[in-house]
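Got the viewer open? Here's a quick route through the model, one selection at a time.

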Amino acid sequence: MDARFNMLDNEIAVKFFKRFANASLVIHQSPLPSSTQELVSLRASQINGCGWCIDMHTKEAAAAGETPVRLNLVAAWRESTVFTEAERAALALAEEGTRLADAHHGVSDETWAQVRKHYDDDQIAALVSLVALINAANRLAVIVHQQGGSYEPGMFAAAFN
């Protein structure tokens, strides 16, 4: 499967991606731990079947020191022992916030209570924004068939600096 459209060869798309990257930078610079950011991005991308984003966030997390065991278990985080309670709350929020059409209630009160227990308001703002942003990124990449496999750590940041 080839990419349908090169978003980086289009003036409008490039303008959009620069602003998208700026939104991403706000989250990146937030007090939400970067490891949590990568795990959440990876989990949402797995759910959405976005090869490009799975590739990106797996490699970025590994480059930042994330262990292969934790990366390999993100898809089965409920059946593993390698994530903290706070990370589990963030992963639950990522799943429920990504699977909105699958559950009429959206994010459950139980999940929200766990998020409130482990994160302050600034971290929650970043976490909610991250779930929305990664879902948007997944949709952009899936629509144009942007495939995974060629991403190198730092590539996204370098493209828009």
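Start by selecting Asn10. This is a predicted model, and in it Asn10 caps the N-terminal end of α1. Show the side chain and you'll find one of its oxygens 3.0 Å from the backbone nitrogen of Ile12.

Next, select α1 itself, residues 11-28. The helix has 18 residues and spans 25 Å from first C-alpha to last, close to the 26 Å expected at 1.5 Å a residue.

Now color α1 by burial. Ala13, Phe17, Phe20, Ala21 and Ile27 are buried. Why do they share a side of α1? Because they cover an arc of only 110 degrees around the axis, they sit on the same side of α1. Spin to the other side of α1 and you'll meet Glu11, Ile12, Arg19 and Val26, which are exposed.

From there, go to the largest nonpolar core, which has 30 residues. Select Leu32, Val40, Trp52, Cys53, Val115, Tyr119 and Leu127: these touch the most other members. Which elements give two or more residues to this core? They are α1, α2 (34-48), α3 (51-63), α5 (85-98) and α7 (121-143). Highlight α7 in particular, since the largest share, nine residues, comes from α7.

Zoom in on Tyr119. Leaving out residues up to four places away in sequence, Tyr119 touches Leu32, Thr36, Ala86, Glu87, Ala90, Ile124 and Leu127.

Last stop: a second, separate core of nine residues. To find this one, select Leu42, Ala61, Phe83 and Ala92, which are among its members.

Terms used: Residues numbered from 1 in each chain as written. Predicted model: local features only at pLDDT ≥ 70, side-chain atom pairs only at ≥ 80, totals over all residues. Heavy atoms only, no water. Core = buried A, V, L, I, M, F, W, Y, C linked by side-chain atoms within 4.5 Å. Buried < 20%, exposed > 50% of the residue type's maximum accessible area, 1.4 Å probe, protein only. Helix = DSSP H or I, 4+ residues; strand = E, 2+ residues; numbered from the N terminus. Contact = heavy atoms within 4.5 Å. Expected span 1.5 Å × (residues − 1). Arc of directions from axis to C-beta. Polar contact = N/O pair within 3.5 Å; in protein donor to acceptor, adjacent residues only side chain to side chain.
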